[in-house]
Amino acid sequence: MSPAILLSFIIGYFLVLIVISWLTSRNSADNDTFFVANRNSKWYLVAFGMIGTALSGVTFISVPGKVGAPSGDEFAYFQFVLGNAAGFVIIATVLLPLYYRLKLTSIYSYIEGALGTWSYKTAAGIFLISRTIGSAFRLYLVVIVLQRFIFDAYHVPFAATVLICLLLIWSYTFKGGLKTIIITDSLQTLFLVSSVFLSIYFICDSLDMSVFQAADEIAKSSYSKIFFFDDFVTSKFHFSKQFLGGLFITVAMTGLDQDLMQKNLSLKNIHEAQKNMFSFTSIFVVINIFFLSVGALLYIYANKYGITVEKTDYLYPTIALNYLGLVPAIVFMLGLTAATFATTDSALTALTTSFCVDFLNFNKKQDVNSKRNVAIRHYVHIAFSGLMFLTILVFNSINNDAVVSAIFTVASYTYGPLLGLYSFGLFMSGRQVSDKLVPFICLISPAICFYLKTYSAELFSGYVFDNELIIVNGLITFAGLLLTSKAKTKVAAL
């Protein structure tokens, strides 16, 4: 596959996004537009566009690759997806009504009223750290693919590749923000979904199978086991671990995450927001079935033609870019690019929004759309782009998969304290936390969980933690808040 063809495609792709940005922001580029799209988004565009945000480049590459992993994953990931779906229902019926009732721009503003200022800043800080690390990690994995298959041919340094990607993202998000992203993410989701379906078609064609024959072949293969009910203690694939982990991770990392919730808050009312969430959930479940099917077909193809790769993550790009031909290669790059940049552009917008609202108090200013405040938001947007650039360079300098994965895992642990904070605010309204102790509690909880996961087999007779660890994380935070809280004193009526 010629690097020149792939590069031309990438350039054309971003020119389209930049044109969309100009069209959506030419009449209005103030802070209300950037933060909440003037609360006038269409629910069906938000629902469809959220697929691209929820499915990163990591999902695009790793989910198919894991199907045939030596660890025996098969279709076990779908148990996690079912937990995700249950979590989305909870978000739609519990959290969204709360956010709309309070008319929030940043969802962490709720914590200020429920628990206090230190708790509020801690929650917002957790999001900023976690999302910066998580989004940088996702972009890093895709930049490696771009570097290997395009920019190495032109002797472009890795740092320059990262900078180019972030400059392109910044160029189409810095003015219109969320209003632009609602449109661009819908377009990128279309590319992502199309690439999955077309990948299935091209692989089937290469295997001389119809789609129906391929489905039958997948069902008969050793890759299609979905439900795992054996060995609860030592197996990380057990249904209860995957389902409950998927549920609580979704509540924490979606419902308590400014990134995905910001899109929901751009809708006119709670009814449209719930309609969006339920529609999104249906599409999300179905598209993951196809991702897993792509994985099974890739392994069937690899076995037939004797293809081996160093890591499971390399399977999809290796076959798509080296074996299937020009059009399938372009389709793959289209899907990978769409999946990655739909996640990163949304994250940069959410990070900028959270910092401006939660730390610069834009929501408390009468002149939020003044030229000065719009300029400040531009500077914050640039700063977060720069921070993500530096974070990716750190990942690359480490150059150790185990260390990088550990960093990403630790970042995911930090959403557990958010679960504890929101649960305490919702269910313990009669108690007042010791506000200044909250940051320490939110540091101690993920540290304990990291220790538990590392030594769980020794501590708990062979028990192996997986995604359900976030429940423990939230419970430890909740317990810490409860132990350091006191009953609220009632103010006597005059």
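Here is a short tutorial dialogue on reading a predicted model.

Q: Before we start, what are the ground rules for the numbers here?
A: Residues are numbered from 1 along each chain as its sequence is written, and side-chain values use heavy atoms, with hydrogens and water left out. As the model is predicted, local features need pLDDT of at least 70 and side-chain atom pairs count only at pLDDT 80 or more, while totals for chains, interfaces and linings use all residues.

Q: Let's begin with empty space. How many cavities of 30 Å³ or more does a search of the whole structure find?
A: The general idea first: rolling a probe the size of a water molecule over the atoms shows where empty space is left. On a 1 Å grid over the protein atoms alone, a cavity is a set of points where a 1.4 Å probe fits but cannot get out; a pocket is an open set with protein on both sides within 12 Å along at least five of seven lines; lining residues have an atom within 4 Å of a point. Points are joined across faces, edges and corners, and a volume is the space filled by probe spheres set on them. In this structure the search gives one cavity of 30 Å³ or more, and the largest cavity has a volume of about 50 Å³.

Q: Which residues line the largest cavity?
A: Its lining consists of Ile144, Val145, Arg148, Phe149, Tyr314 and Pro317. For classes, Ala, Val, Leu, Ile, Met, Phe, Trp, Tyr, Cys and Pro count as nonpolar, Asp, Glu, Lys and Arg as charged, and the others, Gly among them, as polar. That makes five nonpolar, no polar and one charged residues in the cavity lining. Helix 7 gives the most, with four residues; helices (H or I, at least four residues) and strands (E, at least two) are DSSP runs, numbered from the N terminus.

Q: Why does the length of helix 7 agree with what it should span?
A: The expected span of a helix is 1.5 Å times one less than its number of residues. Helix 7 (residues 117–149) has 33 residues and should span 48 Å, and its end C-alpha atoms are 48 Å apart, which agrees.

Q: And why is helix 7 called largely enclosed?
A: Start with burial: buried means under 20% relative accessible area, exposed over 50%, and partly exposed in between (1.4 Å probe, protein chains only). In helix 7, 25 of the 33 residues are buried, so the rest of the structure largely encloses it. Helix 14 (residues 315–322) is also largely enclosed, because seven of its eight residues are buried. Those are Leu315, Tyr316, Pro317, Thr318, Ile319, Ala320 and Leu321.

Q: Back to open spaces: what is the volume of the second largest pocket?
A: It comes out at about 300 Å³. Among its 17 lining residues, the closest to the centre are Phe248, Val251, Leu419, Ser423 and Phe427. Two or more lining residues come from each of helix 5 (77–101), helix 11 (239–255), helix 18 (415–427) and helix 20 (469–483). Helix 18 gives the most, with six residues. By class, the lining has 14 nonpolar, three polar and no charged residues.

Q: How many residues does the largest nonpolar core have?
A: A nonpolar core is a set of buried Ala, Val, Leu, Ile, Met, Phe, Trp, Tyr and Cys residues joined through side-chain atoms within 4.5 Å. The largest one here has 137 residues, and those with the most contacts inside it are Phe60, Tyr99, Tyr108, Met277, Met333 and Leu421. Helix 13 (residues 270–305) supplies the largest share of this core, 16 residues. Apart from it lies another core of six residues, including Cys449, Tyr463, Phe465 and Leu469.

Q: What does Met277 touch?
A: Contact means heavy atoms within 4.5 Å. Not counting residues up to four places away in sequence, Met277 touches Met50, Phe88, Ile91, Ala92, Leu96, Met261 and Asn264.

Q: Is Thr349 buried or exposed?
A: Thr349, found in helix 15 (residues 326–359), counts as buried because its relative accessibility is 1%. Leaving aside neighbours within four places in sequence, Thr349 is in contact with Phe34, Thr173, Gly177, Leu178, Ile181 and Gln262.

Q: Which kind of phi does Ser461 have?
A: Ser461 has a positive phi of about 55° although it is not a glycine. Ser461 sits in the loop between helix 19 (438–459) and helix 20, and at 70% relative accessibility it counts as exposed.
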